[in-house]
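New to this one? Take a moment to look at the model, and then read on for a short tour.

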Amino acid sequence: MLTTGSVSKRSQLNQQQQQHNNLDASMLAQREGTPMGELTPHEEILYLRRQLAKLNRRVLNIEINNEQRMQREKIVYCLGLAYFVLKTIFWLNRN
């Protein structure tokens with residue numbers, strides 16, 4: 001037979017567990033890309049290294065795209081300049 005003291009303790013434990021679960025869910029929403037739970041220092045270092053490698057790849061990709069864009073702009077600029085120089089020469093020779 002249950003006493004009122006044990007029933008109230010169980011209800012308190014259930015409330016604490018629900019609050020803890022709600023807190024975990026809110027933390028999960030805030031820390032979407034991070035692993036949950038306590039990490040050992042070794043696991044944390046490995047996680048940070050993976051994140052750093054991902055960031056390095058993204059930065060390298062951005063740098064390569066930027067270099068390619070600059071080369072395209074140089075080519076387009078040179079072609080446009082050559083077009084207007086030739087148009088000017090033809091216009092001067094016409095008169």
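What follows is an informal walk from the whole chain down to a few side chains.

Keep in mind that this is a predicted model. The chain holds two helices and zero strands. Of its 95 residues, just 1% are buried. Its accessible surface adds up to about 9,200 Å², and carbon and sulfur atoms account for 60% of that.

Now to a stretch that comes with a label. UniProt, in an unreviewed entry, puts a "transmembrane region" at residues 75-92. In the model, residues 75-92 are 100% helix and 0% strand, and the C-alpha atoms at the two ends of that stretch lie 26 Å apart.

Which residues make up the nonpolar surface patch? Tyr77, Leu81, Val85, Leu86, Ile89 and Phe90 do, and together they cover about 620 Å². Take Ile89 as one of them: this residue sits in helix 2, which runs over residues 41-94. Ile89 has a relative accessibility of 40%, so it counts as partly exposed, since the partly exposed class lies between 20% and 50%.

Next, the aromatic rings. How many aromatic pairs does a search of the whole structure find? It finds one. The partners are Tyr83 and Phe84, with ring centres 5.3 Å apart. Their planes meet at 75°, so the pair is edge-to-face; the cut-off for that label is over 60 degrees. The two partners fall into separate exposure classes: Tyr83 is partly exposed at 47%, while Phe84, at 57%, is exposed.

Charged side chains have something to show as well. Side chains of opposite charge can pair when their charged atoms come close. The count of salt bridges here is one. Glu73 and Arg69 form it, and their closest N and O atoms are 2.8 Å apart. Why are Glu73 and Arg69 separated by about one helical turn? Because they are four residues apart in helix 2. Glu73 is partly exposed, with a relative accessibility of 45%, and Arg69 is partly exposed too, at 36%.

Here are the exposure values for the residues we visited.

| Residue | Relative accessibility | Class |
|---|---|---|
| Arg69 | 36% | partly exposed |
| Glu73 | 45% | partly exposed |
| Tyr83 | 47% | partly exposed |
| Phe84 | 57% | exposed |
| Ile89 | 40% | partly exposed |

To find these spots in the model, you could begin with the salt bridge of Glu73 and Arg69, go on to the ring pair of Tyr83 and Phe84, and finish at Ile89 in the nonpolar patch.

Conventions. Residues numbered from 1 in each chain as written. Predicted model: local features only at pLDDT ≥ 70, side-chain atom pairs only at ≥ 80, totals over all residues. Heavy atoms only, no water. Patch = residues over 30% accessible without salt bridge, like charges linked within 9 Å, V, L, I, M, F, W, Y side chains within 5 Å. Areas by Shrake-Rupley, 256 points an atom, 1.4 Å probe, with all protein chains shown as cover. Salt bridge = Lys/Arg side-chain N within 4 Å of Asp/Glu carboxyl O. Buried < 20%, exposed > 50% of the residue type's maximum accessible area, 1.4 Å probe, protein only. Phe/Tyr/Trp six-rings, centres within 6.5 Å; stacked < 30°, edge-to-face > 60°. UniProt positions renumbered as here; feature names shortened; annotations may be inferred.
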